[in-house]
Amino acid sequence: MKKKIMFMMPALPGGGAEKVLIDILKNFDYASYEVTLFLEYKEGVYLNDVPEKVRILALHPQNTIWFERLHRILRFFHSYVLFHTLVYKYMFLKLLKGERFDTIVSFMEGSAVKFHSYIIHKADNNLSWVHIDLKKKHWSLDFFRNEKDEFEAYKKMDEIVFVSEYVKRRFFELYTIEDDKCTVIYNLIDKNVIQRLAVSDNVVKRNFTICAVGRLNRQKRYDKALKVAKRLKNDGYDFDLWIIGEGSLEKPLKAIRNEYGIDDCVRFLGFRKPPYPYMKEADIYLNTSEAEGYPLVICEALCLGLAIVATDISGASEILAHSEYGLLVSEKEEDIYNGVKRLMDNTALRDEYRAKALQRAKMFDVPATMAQIYEIL
C-alpha cells in the first residue's frame, strides 16, 4: 500500500524554497507514495510545474487585494493570530475532514507551520523544514502570538529538517529542541537539468555582465547592488547588471536606479523561467542577501561554473567553504563593492573561481538527497 504524504506551503511564488519543493516533487517515487500538496493560496509561478500525480488542496484560489486589506487591518489591531486560530483553523479542518496521512510536512516556516499545528493528529509522522536563519530574520512570528507560541508548534513535530548546519545552530539559539529530533538535509540540486536548461541562443550580452537572481524583497538587499553599480560606473567601468526576479520592491528599486543615473547599465529582467541561460552568460554572479538558509541560486551558479561574490551569510559560507569556491564578503556596501571590483580587475582569479565552482558542483547528487528524504518520511 502506498504511503500518504502531504506537503504544506503558503503558495508557489518564485522563491528558493518553492523551487526546491518542485524539484523534490518532480523526483518523487509515485509508485510508493501518494502525495498531496496543501496551499493556502492556489497561485504562483511554479503552480503549473507541480507534477500531475500530485493532488492539490487549497484554502483559497488566490490571494486577492481584499485578503491583503483584511490581513493588514487585522495586523494593525493585533488581531491576525486570533482570526487565524478561530476562522482559518475552522476552514482548514473542514477542508481536510476525513483525511488521514502517514506523514505531514510543513515545508516552510510561518503560516505552513501554523496550519500544520492544527492537524498534528492527522498523521503519525509530522515534519517541518526550516530554510532560513530565524535568529537573524524572525519573520515567521507574524503568524504566532509570540516566540513561546511558535516554539509550542515546533515541539509538536516528530522531526525538524534544516537546510544547513548553520541554520540548525541558529535555530537552537532560539529554541531548545532535542537534537535527535533534528536533521540537516541540503537542498536538492539537479545539476544536470540546470546545465541542460542553460543552453540557449536567445541571450544577447553587450558588456562585462554581473547577474543577480531572486525575489525583489528586502531580504535580498538589491539596494546595495544598485549602490555598487553606481560606484562602478563612477569609477569608469563598462558593465551591465542584470537583476532577474519580481517582487514588491520592483518600483522602488527602479526609482533608485533612475535616481542614481545607472539606467543605462542596470536592467531589471523580471521573472525568467528558467534564469539559467542569463546566469550562464554572466561574468560574475552577485548575491547581496542579508539572510538565507541554503541559497539555492548560489548552488545553481556553481553548477554553471560562475565566479561568485556573495555576502558571508549562513548557507553561503557553508556552500562556498569560506571563500574556497567563491568570494565571500561582509554585508557592508564597501566590502561588496571591493569584492566585485576585485573579480572584475583580476581575470586569473575569476577563471580560478569558475573552475572551482564546477568542482564544487560535484557535491550535488539527486538520488542521495532523495534517499535522505525518503528515510525521514
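Author: Before we start, buried here means under 20% relative accessible area. One more thing to keep in mind is that this is a predicted model.

Reader: Thanks! With that in mind, which residues of α11 are buried?

Author: They are L296, V297, I298, C299, E300, A301, L302 and C303. That makes eight of the eight residues in the helix, which spans 296–303, so α11 is largely enclosed by the rest of the structure.

Reader: Nice. And what comes after α11?

Author: G305 follows α11, and its phi is positive, near 70 degrees.

Reader: Let's talk cysteines. How many disulfides does the structure hold?

Author: Zero disulfides. Take C211, which is in no disulfide: its nearest cysteine sulfur belongs to C265 and is 15 Å away. C211 is also buried, at a relative accessible area of 0%.

Reader: How about C299, why no bond to C303?

Author: The closest cysteine sulfur to that of C299 is indeed the one in C303, but at 7.1 Å it is too far for a bond. A disulfide here needs the two sulfur atoms within 2.5 Å. C299 has 0% relative accessibility, so it counts as buried.

Reader: Switching to helix packing. What angle do α3 and α4 make?

Author: About 60 degrees, with the axes of α3 (residues 80–95) and α4 (residues 111–118) 10 Å apart. The two helices are therefore oblique to each other. As for handedness, α3 passes α4 in a right-handed crossing.

Reader: Which residues meet there?

Author: From α3 you have V81, H84, T85, Y88, K89, F92 and L93, and they meet K114, F115 and Y118 of α4. Sorted by class, this contact has six nonpolar, two polar and two charged residues.

Reader: Now α8 and α9: how do their axes cross?

Author: They cross at roughly 15 degrees and come within 10 Å, with α8 covering residues 222–234 and α9 residues 250–260. That is why these two helices count as roughly parallel to each other. Their crossing is right-handed.

Reader: And what makes that contact?

Author: On the α8 side, Y222, D223, L226, K227 and K230; on the α9 side, L253, I256, R257 and Y260. The classes are five nonpolar, no polar and four charged residues.

Reader: Any backbone oddities? Where is the cis peptide bond?

Author: It joins K273 and P274, with omega about 0 degrees. P274 sits in the loop between β10 (266–270) and α10.

Reader: Since you mention α10, which residues does K280 touch?

Author: K280 lies in that helix, residues 276–281. Leaving out residues up to four places away in sequence, K280 touches A198, V199, L304 and L306. The C-alpha atoms of K280 and S200 are separated by 9.5 Å, although the two residues are 80 apart along the chain. At 39% relative accessibility, K280 counts as partly exposed.

Reader: Back to phi angles. What is the phi of R221?

Author: Near 50 degrees, a positive value in a residue other than glycine. R221 is in the loop between β8 (208–213) and α8, and with 13% relative accessibility it counts as buried.

Reader: Then A321, where is that one?

Author: A321 is in the loop between α12 (314–320) and β13 (327–329). A321 is not a glycine, yet has a positive phi of about 50 degrees. Its relative accessibility is 21%, so A321 counts as partly exposed.

Notes: Residues numbered from 1 in each chain as written. Predicted model: local features only at pLDDT ≥ 70, side-chain atom pairs only at ≥ 80, totals over all residues. Heavy atoms only, no water. Axes fitted to C-alpha atoms, helices over the stretch in contact; angles between N-to-C directions. Helix = DSSP H or I, 4+ residues; strand = E, 2+ residues; numbered from the N terminus. Parallel < 35°, antiparallel > 145°, perpendicular 65-115°, else oblique. Left-handed = near helix turned anticlockwise from the far one by under 90°. Contact = heavy atoms within 4.5 Å. Nonpolar A, V, L, I, M, F, W, Y, C, P; charged D, E, K, R; others polar. Buried < 20%, exposed > 50% of the residue type's maximum accessible area, 1.4 Å probe, protein only.
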